[in-house]
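Reader: I have a model open in my viewer and would like to know what stands behind the words used for it. Could you take me through them?

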Amino acid sequence: MAGVRCGDDVSDYLSQNPQLAQWVESFRGYCESNKQWSGRREFILRNMEAFPAVKPGVSSSSSLDRLLSLSMVWANHVFLGCSYPQAVMDKIKEMGEGIAVQGPPVHKTTKDGITAKGKRSATDEGDADGCVKRAKAAPNEADGRPPGRAAARAGPQKSGPPPQAPAEHQPFFNRLYKAVAWKLVSAGGFGPNLDHFEILRSCVESCKQTLTCVFVPLKDITGLPAGRTQKDGHVCEIRCQMVYMGTGYGRDESAAKAMASKEALKVFQGRKVTVKICRRRYKGRDVEDLMLLDELPRTQGFPPALSYPFQDEPREDGSS
């Protein structure tokens with residue numbers, strides 16, 4: 001593969017080696033664009049010689065897994081602007097040398113990124129978690145609408161997300177899926193000893209969004225799983241762009257948030273994530289909610305929702 005020099009050469013080379021073309025094409029990601037796959041495919045072919053155990057036609061080996069992981073990290077850095085530990089960045093820069101990407105996106109990184117993050121942290125200094133929105137906030141604040149807007153509307157509003165909502169949110173979660181996958185690669189894989197919330201938050205922020213965390217005392221929750229009989233502790237629900245991602249229970253808010261983040265990251269362990277409209281319980285009634293799901297079948301229902309950003313709840317005096 002050492003003679004492969006550019007994208008056109010790669011295409012010509014693969015046209016002369018159809019079996020190799022079919023083999024490498026099997027590694028294309030579900031959501032990769034033609035431009036992203038063209039660059040990552042060239043990365044794989046250029047670096048095969050550095051992994052002697054990687055043989056065309058063999059679809060599983062530790063060396064192949066490492067090469068594919070590095071190709072994903074490289075693509076995530078080039079096309080999404082994600083950063084990794086310096087040793088990883090040096091490795092993919094060396095392996096990707098000479099690969100020409102046509103019209104690569106421009107990302108604000110290093111000093112600009114650090115400055116922007118610092119300003120955001122200073123603004124949110126009163127909140128220990130920066131991007132966390134508390135359950136005590138007004139119901140319509142959870143999805144970013146101005147306070148008081150609900151009260152200004154006349155008459156009841158139809159609850160539930162619109163039918164087109166999953167399609168509108170799916171592109172963002174496709175990008176987030178890649179960001180999480182590559183982040184976990186650099187962290188050594190998904191495991192119990194990770195800071196799950198920091199991984200999830202950093203990936204969401206790399207995609208220019210923030211998380212919403214809602215906390216409610218456990219004793220105030222109805223409809224919990226039958227085995228959860230204790231009343232001490234807190235429950236945390238995590239959403240992003242109004243889409244439900246995970247729920248966690250813990251002795252305090254920090255522990256609940258950590259568990260909710262872990263549950264949210266579990267969804268990203270499959271081949272893809274999908275935004276769907278599903279029915280679940282909220283305050284004792286069935287509602288339709290936006291949920292982020294993997295492709296695995298569920299053996300039990302969803303936990304009850306702690307927040308519901310798809311309707312304007314009535315004011316305490318009963319007026320709308």
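Author: Gladly! This is a predicted model, and helix α2 is a good place to begin: Leu20, Trp23 and Val24 are buried there.

Reader: What makes those buried residues of α2 line one face of the helix?

Author: Looking down the axis of α2, its buried residues fall within an arc of 90°, so they line one face. On the other side of α2, Pro18 and Gln22 are exposed. The general background helps too: an α-helix has 3.6 residues a turn, so residues three or four places apart point the same way.

Reader: Why are α2 and α3 called roughly perpendicular?

Author: The axes of α2 (residues 18-25) and α3 cross at roughly 115° and come within 11 Å. Angles of 65 to 115 degrees count as roughly perpendicular, and therefore α2 and α3 get that name. Their crossing is right-handed.

Reader: Which residues make the contact between α2 and α3?

Author: From α2 come Leu20, Val24 and Glu25, and from α3 come Trp37, Arg41, Ile44 and Leu45. Sorted by class, the contact of α2 with α3 has five nonpolar residues, no polar ones and two charged ones.

Reader: Now to helix α5. How do you know that its buried residues line one face?

Author: The buried residues of α5 (residues 86-95) are Met89, Ile92 and Met95. Seen down the axis of α5, they fall within an arc of 135°, so one face of the helix is lined by them. Gln86, Ala87, Lys93 and Glu94 are exposed on the other side of α5.

Reader: What do the buried residues of α5 pack against?

Author: Their partners are α3 (34-47) and α4 (62-80).

Reader: Let's take one residue of α5, then. Why does Met95 count as buried?

Author: Buried means under 20% relative accessible area. Met95 has 8% relative accessibility, so it counts as buried. Leaving out neighbours within four places in sequence, Met95 is in contact with Phe43, Asn47, Phe51, Leu67 and Leu70. Met95 and Leu70 are 25 residues apart along the chain, and their C-alpha atoms are separated by 8.8 Å.

Reader: Why is α8 called oblique to α9?

Author: Helix α8 (residues 165-186) and helix α9 (residues 196-206) pack at an angle of about 135°. Under 35 degrees would count as roughly parallel, over 145 as roughly antiparallel, and 65 to 115 as roughly perpendicular, with the rest oblique. The angle of about 135° is in none of those three ranges, so α8 is oblique to α9. Their axes are 9 Å apart, and α8 passes α9 in a right-handed crossing.

Reader: Which residues of α8 and α9 meet?

Author: On the α8 side there are Leu176, Ala179, Val180, Lys183 and Leu184, and they meet Ile199, Ser202, Cys203, Val204 and Ser206 in α9. The residues of this contact divide into seven nonpolar, two polar and one charged.

Reader: My backbone plot draws attention to Gln241 and Met242. What is the phi of Gln241, and what is that of Met242?

Author: Gln241 has a positive phi of about 55° although it is not a glycine. Met242 is not a glycine either, and its phi is positive at about 70°. Gln241 is placed in the loop between β2 (234-240) and β3 (243-250), and Met242 lies in the loop between β2 and β3 as well.

Reader: What makes Gln241 and Met242 partly exposed?

Author: Partly exposed lies between the cut-offs of 20% and 50%. Gln241 has 25% relative accessibility and so counts as partly exposed. Met242, with a relative accessible area of 26%, is partly exposed too.

Reader: And how do you know which class Lys266 belongs to?

Author: The same cut-offs of 20% and 50% apply. At 36% relative accessibility, Lys266 counts as partly exposed. Lys266 lies in helix α10 (residues 253-266). Not counting residues up to four places away in sequence, Lys266 touches Phe190 and Asp294. Lys266 and Met245 are 21 residues apart in sequence, and their C-alpha atoms are 9.8 Å apart in space.

Reader: To finish, how many helices and strands does the chain have, and what share of its residues is buried?

Author: The chain has ten helices and five strands. Of its 320 residues, 42% count as buried. Among contacts with a separation of 6 or more, residues 24 or more positions apart account for 60%.

Notes: Residues numbered from 1 in each chain as written. Predicted model: local features only at pLDDT ≥ 70, side-chain atom pairs only at ≥ 80, totals over all residues. Heavy atoms only, no water. Buried < 20%, exposed > 50% of the residue type's maximum accessible area, 1.4 Å probe, protein only. Helix = DSSP H or I, 4+ residues; strand = E, 2+ residues; numbered from the N terminus. Arc of directions from axis to C-beta. Contact = heavy atoms within 4.5 Å. Axes fitted to C-alpha atoms, helices over the stretch in contact; angles between N-to-C directions. Left-handed = near helix turned anticlockwise from the far one by under 90°. Nonpolar A, V, L, I, M, F, W, Y, C, P; charged D, E, K, R; others polar.
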